[in-house]
Amino acid sequence: MPKPKSRKESKGDRITQVRDFKTLFYRKLTETHLFYDVGKIIASELEPSELIQKIIASIGKAIPFDDASVYIVKKDLTGMEPIYFHNPLLQNRMQEVIYFDNGAPGQIAATGEPLILDDTALFEGFLHHPDEDREHGSYIGIPLKNENRIIGIMGFSHAEPKSFRVEDFDLVRTLSHLISAGLEKAELFKKTLELARVDELTGLLNYRVLIEKLEEEMRRKVRTGRECSFVMIDIDDFKRINDRYGHLEGSRLIAQMGPLLQAACRTGSTDTCFRYGGEEFSILLAETSSQEALAVAERVRKSIDEYPFTVKVAH
């Protein structure tokens with residue numbers, strides 16, 4: 001026959017149960033606040049890098065970590081680009097691409113499966129960046145997916161082995177679906193903004209951006225006294241091309257002007273090409289004197305004069 005528990009033992013059990021419920025309640029309350037914060041960030045933030053930075057900061061309130069990184073899979077699926085490094089020493093490495101199967105992010109991207117490491121010293125690859133040293137610690141990494149493919153990788157590490165609980169892993173994995181949707185929304189908005197600033201036919205910046213850049217350059221000139229120049233380009237007798245060959249061929253000719261102008265300008269420097277409107281184009285040359293601008297204009301004129309434009313004759 002089982003021995004009945006004493007009143008003292010029963011009271012101790014109740015205290016333990018209350019403590020357990022308080023811990024569980026606090027954890028669930030923290031998770032609820034985290035989902036609320038992440039949802040609010042996604043609703044208000046439209047820049048992908050800012051979105052991720054704020055989300056990682058919110059996650060840090062619920063899950064302690066020492067380092068974190070987020071990679072975005074390139075559209076052509078040739079590799080992954082970092083969009084966030086928690087380590088400030090890696091901020092100048094944001095342009096470096098890593099490839100599938102490289103390190104923890106590459107393994108997660110290649111397999112599509114999350115990764116949890118209780119002791120990172122036993123893992124063969126890197127956790128956040130190829131240049132890091134292999135050390136003891138713990139790591140959790142989650143793929144960010146949409147319905148069709150993996151769009152990114154999110155990883156967290158701690159200096160102590162076995163620091164992350166199963167509950168932490170489940171929380172990040174559940175959050176990943178919400179973060180993926182937020183990233184896609186931000187990327188779509190960014191792409192829409194880019195399309196609104198680019199002339200679809202030529203690939204050059206449009207008139208709206210030209211006005212912005214002109215105002216910006218004028219403010220810089222007033223502030224620094226540095227020169228700037230502006231070149232206007234017009235296709236002679238363009239109406240005759242439309243009348244003789246049709247508007248479709250006229251548009252094809254204008255489309256050829258975009259790459260031609262960009263190739264003729266000084267690459268990687270201060271020259272910016274625009275489609276002004278119709279058959280008119282312009283080039284804004286920052287920190288350029290009138291004599292230097294004249295040389296650029298002559299080079300552009302010569303390039304256009306020597307270019308073998310083609311039009312199809314309607315039968």
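The following exercises, with worked solutions, concern a predicted model.

**Exercise 1. Classify the aromatic pair formed by Y71 and F85, and state whether each residue is buried or exposed.**

Solution.
1. A search of the whole structure finds four aromatic pairs; Y71 and F85 form one such pair.
2. A pair of aromatic rings is described by the distance of the centres and the angle of the planes.
3. For Y71 and F85, the centres lie 5.9 Å apart and the planes make an angle of 80°. Planes over 60 degrees apart count as edge-to-face, and the Y71–F85 pair is therefore edge-to-face.
4. Y71 belongs to strand 1 and F85 to strand 2; the two residues are 14 apart, and their pair links distant parts of the chain.
5. Buried means under 20% relative accessible area. Y71, at 1% relative accessibility, therefore counts as buried. F85 has a relative accessible area of 3%, so F85 is buried.

**Exercise 2. Carry out the analysis for Y207 and Y276: what is the geometry of the pair, and which elements does the pair tie together?**

Solution.
1. The ring centres of Y207 and Y276 are 5.2 Å apart, with 90° between the planes; this aromatic pair is edge-to-face.
2. Y207 lies in helix 5 (residues 207-224) and Y276 in strand 7 (residues 271-277), so the pair ties together parts that are 69 residues apart in sequence.
3. The partly exposed class lies between 20% and 50% relative accessible area. Y207 counts as partly exposed because its relative accessibility is 39%. Y276, at 32%, is partly exposed as well.

**Exercise 3. Describe the sheet that contains strand 7, and place helix 5 relative to the sheet's strands.**

Solution.
1. The order of the three strands is 6-8-7; they form an open sheet with antiparallel pairing.
2. Strand 6 (228-234) and strand 7 are the edge strands, each pairing on one side only.
3. From one strand to the next, the twist averages 20°.
4. Seven bridges join strand 6 to strand 8 (residues 280-286) in the antiparallel sense. F230 stands opposite L284 of strand 8.
5. Helix 5 lies across strand 6, strand 7 and strand 8, and runs at about 135° to strand 7.

**Exercise 4. Which residues of helix 3 are buried, and what covers them?**

Solution.
1. In helix 3 (residues 103-111), the buried residues are G103, A104, P105, G106, I108 and A109.
2. Their cover includes strand 1 (67-73), strand 2 (80-85), strand 3 (115-117), strand 4 (138-145) and strand 5 (150-158).
3. Just after helix 3, G112 adopts a positive phi of about 75°.

Terms used. Residues are numbered from 1 along each chain as its sequence is written. This is a predicted model: local features need pLDDT of at least 70, side-chain atom pairs count only at pLDDT 80 or more; totals for chains, interfaces and linings use all residues. Side-chain values use heavy atoms; hydrogens and water are left out. Buried means under 20% relative accessible area, exposed over 50%, partly exposed in between (1.4 Å probe, protein chains only). Helices (H or I, at least four residues) and strands (E, at least two) are DSSP runs, numbered from the N terminus. Contact means heavy atoms within 4.5 Å. Rings of Phe, Tyr and Trp (its six-membered ring) pair if their centres lie within 6.5 Å; planes under 30 degrees apart count as stacked, over 60 as edge-to-face and the rest as tilted. Two strands pair if DSSP finds at least two bridges between them. Axes are lines fitted to C-alpha atoms, for helices over the stretch in contact, and angles run from 0 to 180 degrees between N-to-C directions.
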